[in-house]
Amino acid sequence: MRPVSLHTGAWRYPGAWPDANFNFDHLKAMIRTLERGKFDAFFMADHLAVLNMPAAALKRSHTATSFEPFTLLSALAGATERIGLVATASTTFDAPYHIARRFASLDHISGGRAGWNIVTTSNPDAALNFGLDEHVEHGERYRRAREFYDVVTGLWDSFADDAFVRDVESGVFFDPERMHVLGHKGEFLSVRGPLNIARPPQGWPVIVQAGASDPGRQLAAETAEVIFGAAPSMEEGRRFYADIKARMARIGRHPDSLKILPGAFVVVGDSLDEATAIRARLDAGVHYDSGIASLSIALGHDASSFDPDGPLPDIPETNDSKTGRQRVIDLAKRENLTVRQLAQRLGGFSGLEMVGTPQSIADTMQAWLENDASDGFNVMFPYLPGGLDAFVDKVVPELQRRGIFRTDYEGTTLRDHLGLQRPPNRFFPD
């Protein structure tokens, strides 16, 4: 679940919390509702720059201010007991020692509920905030990410689980024979180690990935335990699911060791007409300046000069997200949308949506689960708190009645919730 809706009209919806992503009391109330609904985790997205859009659009964006994820999730860990806490952290603009230490700390503080969403950062403006004159090339970002993963997980394995003996009588705090110095030197990174924190309660925090380009899919198949997918239809979801699982099989990974969770924008009404009216009111809150800016970001190309009432012109390749760009181009062709219509969709939400009654939404989710299109969903709500409350109070009981969602947590860690094994320590396998 994301802390705020991706829909740019969400903060303007009647009764919504306009500051939902930047009010700690609201965030505490929200995550406690999620925990009451027995959600696996709360997902904290993050950006290392304000969105690269003109001021006329940026001034309308509720994402212009947000909390740093580790600070927020550490605080929310103390306000909750079971729900997982997933944070985004970039492999392009951070150091693996920092990332390893922060996530290990969050896992200890939360009692084993942390997850790391590995991103390579597509916003080119982020590079300008970290001493670079231009963004790192797409392929290089993914090669660095693969090496970065090896270093971070190696650092988490710096100490055996039983290394810290804390023997008061002998005065020995830890056994140095149960400590490993990583000594990594690779194409992009040089990290000696060891990490100066005990091995995380989960062994490793859960590894999450969201890239859908070919390099992103391969990185996920090799490293991820959860994928936040973006398939807009069950047919595409089935293709993505089969591709990832096949890639895993080719490298010897068991398919159950990775859960595929497509993002689902869910609008609940007591009738289809009511749900449709909620969606229409949300869409009415999207200003054209916001829509065309969202379209420009998705394409990696300035769309402000396009004829609003004409078709989408040919778009050249860029160094930004490849998959997002292609998804928008395919959408425009498939539905024969004008630039104005496409901008409206991008400013609202253009991916998988479930708009309807609790029963119809549960029908759709069940169909995806039973047809090898997903292992669950990254649920996004139309606005807070009302959209979240409607899902927890109406859809969750329907899913529970069908026996396809838990009625209570059976474990205490995020790995328990997701049915994932605790990884062995590569240096101390016993």
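In this predicted model, Pro 385 sits in the loop that runs between strand 10 and helix 14. The peptide bond leading into this proline from Leu 384 is cis, with omega near 5 degrees. A cis bond also links Gly 193 to Pro 194, here with omega near 0 degrees. Pro 194 belongs to the loop between strand 5 (190-191) and strand 6.

Backbone angles deserve a look at two further loop positions. Lys 38, a residue other than glycine, has a positive phi, near 65 degrees. Its place is the loop between helix 1 (24-36) and strand 1 (41-44), and Lys 38 counts as buried because its relative accessibility is 19%, the cut-off for buried being under 20%. Asp 372 has a positive phi too, of about 55 degrees, although it is not a glycine. Asp 372 lies in the loop that connects helix 13 to strand 10. With a relative accessible area of 48%, Asp 372 is partly exposed.

Strand 6 makes a good starting point for the strand pairing. On one side of strand 6, Val 206 and Val 208 are buried, and on the other side Ile 207 and Gln 209 are buried as well, so that both faces are covered. Strand 3 (residues 114-119) pairs with strand 6 in the parallel sense, over 4 bridges, and within this pairing Gly 115 stands opposite Val 206. Strand 7 is also a parallel partner of strand 6, over 2 bridges, with Val 226 of strand 7 opposite Val 208. Together with helix 7 (residues 214-223), strands 6 and 7 form a β-α-β unit that is right-handed.

Another parallel pairing joins strand 8 and strand 9, over 4 bridges; here Val 268 stands opposite Gly 356 of strand 9. The two faces of strand 9 (residues 353-356) can be told apart: Met 354 and Gly 356 make up the covered face, while Glu 353 and Val 355 make up the uncovered one. Glu 353 also takes part in a side-chain polar contact of 2.3 Å with Arg 279. Arg 279 is part of helix 9 (residues 272-284) and counts as buried because its relative accessibility is 8%.

Helix 9 also holds Ala 284. At 67% relative accessibility, Ala 284 is exposed. Ala 284 and Val 226 are separated by 58 residues in sequence, and their C-alpha atoms lie 34 Å apart in space.

Several of these elements meet again at the second largest pocket, which has a volume of about 600 Å³. Its lining comprises 28 residues, and those nearest the centre of the pocket are Asp 40, Leu 261, Gly 376, Phe 377 and Phe 405. Two or more lining residues come from each of strand 6 (206-209), strand 7 (226-229), strand 8 (259-268), helix 13 (358-370), strand 10 (378-380), helix 14 (386-401) and helix 15 (414-418). Sorted by class, the lining of this pocket consists of 20 nonpolar, 4 polar and 4 charged residues. Thus strand 6 and strand 7, already described as parallel partners, both contribute to the lining of the second largest pocket. Strand 10 and helix 14 are contributors as well, and the loop between these two elements is the one that holds Pro 385.

Key: Residues numbered from 1 in each chain as written. Predicted model: local features only at pLDDT ≥ 70, side-chain atom pairs only at ≥ 80, totals over all residues. Heavy atoms only, no water. 1 Å grid on protein atoms, 1.4 Å probe; cavity = no way out; pocket = protein on both sides within 12 Å on 5 of 7 lines; lining within 4 Å. Points joined across faces, edges and corners; volume = space filled by probe spheres on them. Nonpolar A, V, L, I, M, F, W, Y, C, P; charged D, E, K, R; others polar. Buried < 20%, exposed > 50% of the residue type's maximum accessible area, 1.4 Å probe, protein only. Pairing = 2+ DSSP bridges. Right-handed = clockwise from strand over helix to strand, strands pointing away. Polar contact = N/O pair within 3.5 Å; in protein donor to acceptor, adjacent residues only side chain to side chain.
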